[in-house]
Amino acid sequence: MPGTIAVNLARIAIIIAVLALWEVLSRTGIVNLRLLPSASDTFATLGDLLQRAAVRKDLMVTATEVLAAFALAVPFGAVIGFLVAENRYFADVAKPLLFFAFSIPKSIFLPMFILVFGVGFAQKVGFGFFSTIFIVIMSTTTAVESVKTEHLTVARSYGATRLQTAFRVYLPSMLPVLLEALRISMIFNLTGVILAEMYASRDGIGHQIATWGENFQMKQLLAGVVMVAAIAMTFNELVRWVETRCSHWRT
Amino acid sequence: MSARISATTLRYLIVIGLIALWELLPRTGLIPELFLPSLSSTLVAGWTDAAEYGHALAVTLYEVVVSMAFACGGGILLGAIVGSLPRPRVLIMPMVSSLYAVPLVILYPVFTVWLGIGSESKIAFASIYGFLPTMLATAAGIQTIDPQLLLAARSMGATLSQRLVHVIIPAAIPTVLSGLRVGGALVIVGVVVSEMLISSAGIGYLISRYRTILDSPHVFAGVLLVLFLAIAFNAAIRWIERKAAIWQTGTRAGQANDEIASSAMQPAT
Amino acid sequence: ADTIRVGLPTKTYWPTTIAETAVRQKLFEKEGIQAELTVYRSGAETFEGMAAGAADIILDPPSLVSAGRKKGVMSRIVANAAMGNFGWQLMVPTKSTLDVKDLNGKKVAITAAGSGSDLLALWTIQDKKIDFTRVPVGGGGLVPNLLAGNVEAAVVYSPLSFQISKSGEAKTILDYATAVPPNLTAGWIVLDKFADAKPQMVQKAVNALYGAVAFMRANRDVTVKLIAELYEMPPEIASLEYDNTIMKLETGGDMGAPNTNAAVQLSLDLAKLGGLKDIVPVEDVISAKFKPVPTKP
Amino acid sequence: MGGNAMQPLANVTPLKPPARAGAIEVNNVGQVFKTRSQDVVALEDVSLEIKPGRFVVLVGPSGCGKSTLLMMMAGLRQQTSGTITINGAPIPQPDPDRVGVVFQEASLFPWLTAEDNVEFPLALRGVPKAERRAKAQDALKLVGLDGFGKRHPHELSGGMKQRVSIARGLVQDPPVLLMDEPFAALDEQTRMTMGDELLRIWAATGKTVVFVTHSLTEAVYLADEVIVMSARPGRIVDHLQVQLPRPRTYEMLSGDAFGSLRDRIWRHIRKSA
Amino acid sequence: MGGNAMQPLANVTPLKPPARAGAIEVNNVGQVFKTRSQDVVALEDVSLEIKPGRFVVLVGPSGCGKSTLLMMMAGLRQQTSGTITINGAPIPQPDPDRVGVVFQEASLFPWLTAEDNVEFPLALRGVPKAERRAKAQDALKLVGLDGFGKRHPHELSGGMKQRVSIARGLVQDPPVLLMDEPFAALDEQTRMTMGDELLRIWAATGKTVVFVTHSLTEAVYLADEVIVMSARPGRIVDHLQVQLPRPRTYEMLSGDAFGSLRDRIWRHIRKSA
Ligand SMILES: Nc1ncnc2c1ncn2[C@@H]1O[C@H](COP(=O)(O)OP(=O)(O)OP(=O)(O)O)[C@@H](O)[C@H]1O
Ligand SMILES: Nc1ncnc2c1ncn2[C@@H]1O[C@H](COP(=O)(O)OP(=O)(O)OP(=O)(O)O)[C@@H](O)[C@H]1O
Ligand SMILES: Cc1ncc(C[n+]2csc(CCO)c2C)c(N)n1
Ligand SMILES: [Mg+2]
Ligand SMILES: [Mg+2]
């Protein structure tokens, strides 16, 4: 694919342009340097922070929690979402309820998680799971609903079992929608875990970010945000990689 | 079928069960009232300060409606454009979703510096928050469109905007609708959360204020209002879904009615 | 050894310095217990943490204890930690010419409605007989919004207050540490159940904590270095924090002291300004059973 | 069909020895579709009996209900009234061990290559990879798509897609094979070759085939029996036995017997269209 | 095609008086598809000139590149080499004022009713509602789907969908009409009726029609010229002028001139399939 190189170059160009704009905005004082430290300062701070063993440990803690929550939420949510889409009865019962649950600001329930799990790994993973599962369910349901009937008829005529239909017809037709859902879910997951860390914690990068934010340590705050964004983007790229491998059949 | 209770009945039973639990769990002391005040005390709290909540609801509602227009309108439009142009799609989509990965909540306080602490910053925040799922879902939905349909439209001289309005959006309707569902719900959450963080009006502000003084019945009275917003929004979406049902023929979502008809004739499994 | 879980309202707040000092000077160990520190995001959330069973001893103002009792969370202040709002200041941008009186009709940033900063803002309104709009902007929003001009003034707490006056970005027009009459702003709190079940644990914990206060008073350099490290701030700011807050903290903590009840009452009266309706009698909020015996390092 | 004899495209051994019986009985079957505006009676009182191993062709004007009848025989749609049995038992849901279907629209899975599409029914049954690959290759060769196995549907022409779909129907080797206008998108030459291949497989395996076509020549050329349906509501208006000897040859097409059968069907169609 | 004369299904006035010229010139056109495995040469060095108002039929074995050639003439795909002009100007993108297309697959919009599908191209041009409704009704009548306007595609049979698609092509009324196997899913009777209708419209409007079919009888019956293509890589192997007088009648089908033209094409097809 010769286009890939051009696309990647274009992407890098855009990133550089954004960073340059950031640098110029703060250096020229168009925005207050205290309110928006320059890109170079932020990245220098990021370097400093990454030197610290404590920060690296926090990152590891957060990454572990995020992965654990994600690994739990995605299969769980996908199965429930699938059931909701597949079984009209279940759908009629659960869909509105799930939707309401989704529309409540989840942070209200943080104290309950402490009530059940105490403060620590389980509480943060639990809240990450809780923040993610609804979006996974809802996206899976959508994805399932976009499957073409004629393909289902073909599979049915060959006596495909439910499981076979799921894996051989639903999954491939839903893939683009599903992968997009995966990205969004990851973002919810990350936000959930970080919120839980900010709320009450002994470690984790979210905890650090909360402190930096409250002390108006903008350089550290931005560097922390960049760190979190980097984690998310890495994951994003991973999904994209899967995507390009799986949807080559599309024109 | 007859042995089973209807889905709606079961749903109401579940809701009633949840309501009963809400009343009973705090009353029996299984959950401290600090974390979950009983429904009755929540209602009493809401009722005694109905004027205050009414005013807050008006503020929140205004912010939600405006953000909804930006998030959903913009999300569908941009998602449709980006999703239907292959080049911008590969270029922009990953960047957009990466951008979304930036935990905006953390930056919200900084955000207010530029947009002020009034409704504008809430609307901006909630719009961005709800915009992305709508856009991503729309763009992804568009990728699943039968290319033959686009070809046919092109052959009839449909301009890009005509293809968008007459082909791409209708064909992507099921996906777009669920994107809307997610996006709209996030707009509500986004407005409330940003009000909770920084504001002096709205339901989120009330929740946050009462929480600071550990007044949990008043907190949950606010949550209840948010829930009502969600119910209203859900009703709106359902209405659109019914209107759009006709468009969805050819996919699972659209043929649900057919399925009922044909499965009713099959022996119960 | 038994572990006591200490709940702290924010990372960069003096209780964290106390607890960290106690840990680093091995004062808990000397008492034969272990400590586990958890930092929350505000006083209310710390209190919820204790109510949820995730913290055994926390630092919070009396108002929360009072509100908690009305909600079925039975706890009491077992040790007096501070009798003033040290480091809390009403600040305006350096270029501003506004004085406290001039804030009439203006906007003043506070962290959250009903929080400590809100109470101080309300107290200002009452005491100076002016009126202004309190704008809750969250901890992270105080300085940005002040500097951006979204508000005319802000109620800022340490070390932020020291930091921005040092950097020349803002100046103080009212220092609450001196302006507000002495009242019991914060104390160490435990659940009644915990105090009944493990009184020795509570005793040992307060011993260690007040041992830490004593240690800090005696070891300026070590403490300034610790503050600088915890707060991630330059030593100058840490010194200011040391001189203006740490040195002002209660060293005895005895809730049985004669002036205590009045101080608690004043604190609750202040909280009433912030809309607190759940006021219980002072006697229900405090417990004089644990007089701290500072642990020697 | 044209008039020249020709050889099979590929020399493939029959997929299986003569298979299990495939009797079909349709009794007083009706089908009513409920649409938003009104109810559509697609089929009315259709009865017919197909003996195992027969090659039956279904013809009738566009929209008369041929596809609908096939869908019901496949268990993919339930009749509104009447009964359908395959080998004596009703078919409340698709049963690939009894009935295979080649759909009117190719309905290939766009995410699978041609060969993966053909392997699909075998994969569902857990046939080992090597075996199903071999069978898929044979089936693709049979439909003249040797060497196109690795292409995705969107890289194939209309006729090629249809042939992949036929290969997918053949590869599962059920006793009853229902084919809905399988050759509609093929040129005459390919169509003839495929017709001969189909007859060869049918003869070798003893399958029952129900075949829908619009070509009356093709109908008579292939069939043991031709069933003629009338326009809406679909009814059976004629059921012809084609007594021409087998194997059929292209010379027969110009014979009188052939012509008169063809004319008889034509008159029905003309009347009802 | 059968052998009986018959009347048009509906008596509809031509959609427009004789239209603008529709000359097509194809010069040394080639088309190469790049697939993952290898490059596919679909068309090689195809040249042809079509005078305005001619009825040209394109035949050739499955996969020889007929659809591809049509797509290029419609501006829906760009050739890899060579040039194509319509009315003297190249066609870098679809231009419905010059060229209309009826696709091999019906490609109806599933969310629109049959009549809305037919109205679609008119709606794109902003034709007022009443006018386009009337035109759509006429076109639907023309294809024998009077009364089916309110149905959605999934409620139509295969042949009905194809007819809606033809109606959609006709309603646009462009000077050049490209039709890719439009009658493939139709029964012979309907096919004949539609063929006659098409000829009538063509004669009345002076359109240029390029028509792909697999039926050689249909090819000769309809065409002024028949272009025969060979299998991959697609090349033009013959270009016949059909000198039979117009209007064509079903009696001509059994004439010698007809037979010999049909045979000549058949020999090409047989060779290359
Ligand atoms: N889902 C449906 N809802 C409503 N009507 C339907 C539906 N499916 C088919 N029909 C109607 O039933 C009739 C028979 O359709 P069917 O597809 O069986 O015809 P057919 O004989 O296969 O036609 P063709 O030769 O054109 O494929 C048609 O009039 C069609 O409009
Ligand atoms: N997008 C594509 N990528 C790769 N190959 C393609 C693509 N489209 C068509 N082809 C190949 O080009 C050749 C010509 O295809 P085309 O669809 O033009 O054939 P056709 O003459 O219309 O056949 P049919 O009569 O079966 O419809 C075929 O071999 C096909 O496999
Ligand atoms: C955002 C923020 N708000 C308040 C404080 C100060 N503080 C935290 S807890 C507590 C006790 C009672 O509220 C006090 C005064 C802070 N450091 N950060
Ligand atoms: Mg059919
Ligand atoms: Mg073709």
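This section describes three ligand sites and two buried side-chain environments in a predicted model.

We can start with the site of ligand 1, which is shared between chains because residues from chains D and E surround the ligand. The shell holds 23 residues, and the closest of them are S67(D), T68(D), E155(E), S157(E) and G159(E). Two helices each supply at least two residues of this shell, namely helix 1 (66-73) of chain D and helix 4 (158-172) of chain E. By residue class, the shell around ligand 1 consists of twelve polar, six charged and five nonpolar residues.

Polar contacts to ligand 1 come from both chains. On the chain D side, an N or O atom in the side chain of S67(D) is 2.5 Å from an oxygen atom of the ligand. On the chain E side, a polar side-chain atom of S157(E) lies 2.6 Å from an oxygen atom of ligand 1, and for R151(E) the corresponding distance from a side-chain N or O atom to a ligand oxygen atom is 2.8 Å. The accessible area of ligand 1 taken alone is 640 Å², and the protein buries 94% of that.

Ligand 3 offers a second site between chains, in this case A and C. Chain A is represented in its surroundings by E214(A). From chain C, the surrounding residues are P9(C), T10(C), Y13(C), G43(C), D60(C), P61(C), W88(C), T111(C), G139(C) and Y157(C). This shell divides into five nonpolar, four polar and two charged residues.

Two side chains of chain C make polar contacts with nitrogen atoms of ligand 3. A polar side-chain atom of T10(C) is placed 2.9 Å from a nitrogen atom of the ligand, while an N or O atom in the side chain of Y157(C) is 3.2 Å from a ligand nitrogen atom. On its own, ligand 3 has 430 Å² of accessible area, of which the protein covers 89%.

The third site is that of the magnesium ion (ligand 5), whose protein donors are the OG atom of S67(E) and the OE1 atom of Q104(E), at 1.9 to 2.1 Å from the ion. These two donors link distant parts of chain E, being 37 residues apart. S67(E) belongs to helix 1 (residues 66-73), whereas Q104(E) sits in the loop between strand 6 (99-102) and helix 2 (114-124). Q104(E) counts as buried because its relative accessibility of 17% falls under the 20% limit. S67(E), with a relative accessible area of 22%, is partly exposed, as this value lies between the 20% and 50% limits.

Away from the ligands, two helix residues deserve a look. S165(D) is part of helix 4 (residues 158-171) of chain D, and with a relative accessible area of 2% this serine is buried. Beyond residues up to four places away in sequence, S165(D) touches V102(D), F103(D), A106(D) and L108(D).

In chain A, T45(A) has its place in helix 2 (residues 39-51). This threonine also counts as buried, at 11% relative accessibility. With neighbours within four places in sequence left aside, T45(A) is in contact with K219(A), Q220(A) and A223(A).

Note on methods. Residues numbered from 1 in each chain as written. Chains lettered and ligands numbered in written order. Predicted model: local features only at pLDDT ≥ 70, side-chain atom pairs only at ≥ 80, totals over all residues. Heavy atoms only, no water. Donors = N, O, S within 2.8 Å, 3.2 Å for Na, K, Ca; no water. Helix = DSSP H or I, 4+ residues; strand = E, 2+ residues; numbered from the N terminus. Buried < 20%, exposed > 50% of the residue type's maximum accessible area, 1.4 Å probe, protein only. Near = heavy atom within 4 Å. Polar contact = N/O pair within 3.5 Å; in protein donor to acceptor, adjacent residues only side chain to side chain. Areas by Shrake-Rupley, 256 points an atom, 1.4 Å probe, with all protein chains shown as cover. Nonpolar A, V, L, I, M, F, W, Y, C, P; charged D, E, K, R; others polar. Contact = heavy atoms within 4.5 Å.
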